[in-house]
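This report covers a ligand site, a surface patch and a pair of strands. The sequence and structure are shown first.

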Amino acid sequence: MFLRAILMHYFIGASVDCANILFVSPVASPSHHIWNEVLVSGLLEKRHNITLIGHEEAKIKSINYTVLKITGMDQVYETLNINELLYNKNTPLEDLQLLWDYILAFADLDLNSNALERLLSYPKDAFDLIIFDIVCGHYFYPLIEYFGNPPIVVLSPFALPPYILDAIGSQFYSFFPIIYTTYTDQMTFWQRLENTFMNLCEYYYKWKNMKVMYELAQKRFGGDIVEFDKVERQFQILLANYDATVDFAIPLLPNIIPVGGLHTKRSSKLPNDLLKILNNSKQGVIFFSFGTNIHPSGLSPEKKKIFLNTFGKLKEIILWKYDGDDLEDVPKNVIIKKWYQQNDILGHKNVKLFITHSGGLSTREAMYHGVPVLGIPLFMDQLNNAEKMQVRKLGRRLFMRDLTEETLYESINDVLNNPIYKDNMKRTSELFRDQKETALERAVYWIEYTLRHKNLSHLSVRTRDMNIYQRENLDLFGFIFVVAAAVLILICIMLKCVYKSYTSESYNKIKSD
Ligand SMILES: *[C@@H]1O[C@H](CO)[C@@H](O)[C@H](O)[C@H]1NC(C)=O
Ligand SMILES: *[C@@H]1O[C@H](CO)[C@@H](O)[C@H](O)[C@H]1NC(C)=O
Ligand SMILES: *[C@@H]1O[C@H](CO)[C@@H](O)[C@H](O)[C@H]1NC(C)=O
Ligand SMILES: *[C@@H]1O[C@H](CO)[C@@H](O)[C@H](O)[C@H]1NC(C)=O
């Protein structure tokens, strides 16, 4: 028995039973919490003990799951004017700035929270590993040092913007469009120029804001905390909400683990009243939701009217997730509710179309269930998600600024009646589901791998230790340019001398003749 136990230990790898894990989840967005809690559930199943610091309540109840909740998120949200975003007025650069404003907006709240106070009262050796959602909250980096530099797994339920790729050592801006644009992986010269410019802007914004966050963190954690770019070099792996079936293909570094659609799952049973409506709908059902951050009640009366009038012309039933009570003259085929079980609805066979803001989670749920989409993207990654769906003919994209009764009616009918969207979505769904393990299993495996081996520097590319001009070979191109220019100048000078001496010789000759 003893021998067997030892053999098991060697052959399966050192087992990792019951680790204490700190999950830093500072992104003040309900959708991040949904995604991160799916990962928590996977870790709880393996009997790990999770302590999560974030802005939302625990939805999962377990003795091994403690949430330290930062209160006051809603007050900060009110200062952000999120509903302004309903009109697609932002340029890509404004979206980029908005993201960093959003990140900084929560710094005071988070750093002065009771939740952080409680966390800092934990013993300094309390955690075997830290999971960090690095989309926001970089001012929490000093927690890593505070808890004795355990191995760090970072994750992004969001997308792969340059500031996150940069943290793990990866850049591809010649063919990977930045999320704030509507470009694809085939860019023209000018698009590539803008894309590169935007990437450089993001590096600038990262540098500028990291400095601010570092100073804020210094006030809270003390003056001698480790510099943030050094902290980032300690990250072992990145769990990325990336999947090549829908995202543009990129060469993934060994330390980037694609776990796109980690939150997707089979639908479970709907409540009976809703199930009856879905079961009995002869013409099919359209599901319409702007996700968890955006409140459609903030739309102008004209835009609301466009939606209602257009829906009134359709034969399908429309389920609209809508937060207000102000809608008048709602057509009979439109059912308004403040909340719907999105995943379970999308899994019903009678759902023919999903009208979505094209958030990262919704887009992947649509893919998982094979429902074609009409994307109405509002800002940031939604723009790029909607573009991907359109270029892959998995649905159509319509900007809010172009929304009229005609364009909406035409787009809806196109997606409903042209079989190309349904067929492509079906194939995409099959590809997406055909994996040797689920994304969640993969994520849990890699977290346990990190627990077992701790130092994963063998997965790291050395670009992480280089600065931007080394990484991009700019110094090398500069050197080649200088050498080539010097050689060229030298040749010119020589030619000139030869020419001069020749002409002066012949001149002398002519003269003497
Ligand atoms: C809770 O965690 C402890 C140790 O971390 C473990 O022994 C126990 O089995 C876990 N309980 C559950 C219900 O997962
Ligand atoms: C689980 O973590 C909590 C802190 O959040 C701690 O109080 C508790 O002792 C831990 N449980 C185990 C079994 O380690
Ligand atoms: C809806 O249809 C499914 C099968 O398609 C059936 O199992 C279920 O009982 C039906 N439910 C209602 C409420 O009609
Ligand atoms: C991890 O391993 C590498 C290579 O063996 C080593 O250079 C590095 O110092 C180690 N890092 C830590 C934090 O131990």
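Which residues surround ligand 1? In this predicted model, ligand 1 is surrounded by Cys18, Arg47 and Asn64. Oxygen atoms of the ligand lie at short listed distances from two of these side chains, as tabulated here.

| Residue | Side-chain atom | Distance to an oxygen atom of ligand 1 |
|---|---|---|
| Arg47 | polar atom | 2.4 Å |
| Asn64 | N or O atom | 2.3 Å |

Ligand 1 taken alone exposes 360 Å², and the protein buries 56% of that area.

**Nonpolar surface patch**

A nonpolar patch on the surface has about 1100 Å² of accessible area in total. Its members include Leu200, Ile468, Tyr469, Leu474, Phe477 and Leu495. Two helices, H19 (468-471) and H20 (474-512), each supply at least two residues of the patch. H20 gives the most, with nine residues. Another member of the patch is Leu200, which lies in helix H9 (residues 189-221). Is Leu200 buried or partly exposed? Leu200 is partly exposed, because its relative accessible area is 40%.

**Strands E8 and E9**

Strand E8 (residues 285-289) is mostly covered, with five of its five residues buried. Val285, Phe287 and Ser289 point one way from E8, while Ile286 and Phe288 point the other way. Residues on both sides of the strand are buried. E8 pairs with strand E9 (residues 317-321) in the parallel sense, over four bridges. Within this pairing, Val285 has Ile317 of E9 as its bridge partner.

How values were computed:
Residues numbered from 1 in each chain as written. Chains lettered and ligands numbered in written order. Predicted model: local features only at pLDDT ≥ 70, side-chain atom pairs only at ≥ 80, totals over all residues. Heavy atoms only, no water. Near = heavy atom within 4 Å. Polar contact = N/O pair within 3.5 Å; in protein donor to acceptor, adjacent residues only side chain to side chain. Areas by Shrake-Rupley, 256 points an atom, 1.4 Å probe, with all protein chains shown as cover. Patch = residues over 30% accessible without salt bridge, like charges linked within 9 Å, V, L, I, M, F, W, Y side chains within 5 Å. Salt bridge = Lys/Arg side-chain N within 4 Å of Asp/Glu carboxyl O. Buried < 20%, exposed > 50% of the residue type's maximum accessible area, 1.4 Å probe, protein only. Pairing = 2+ DSSP bridges.
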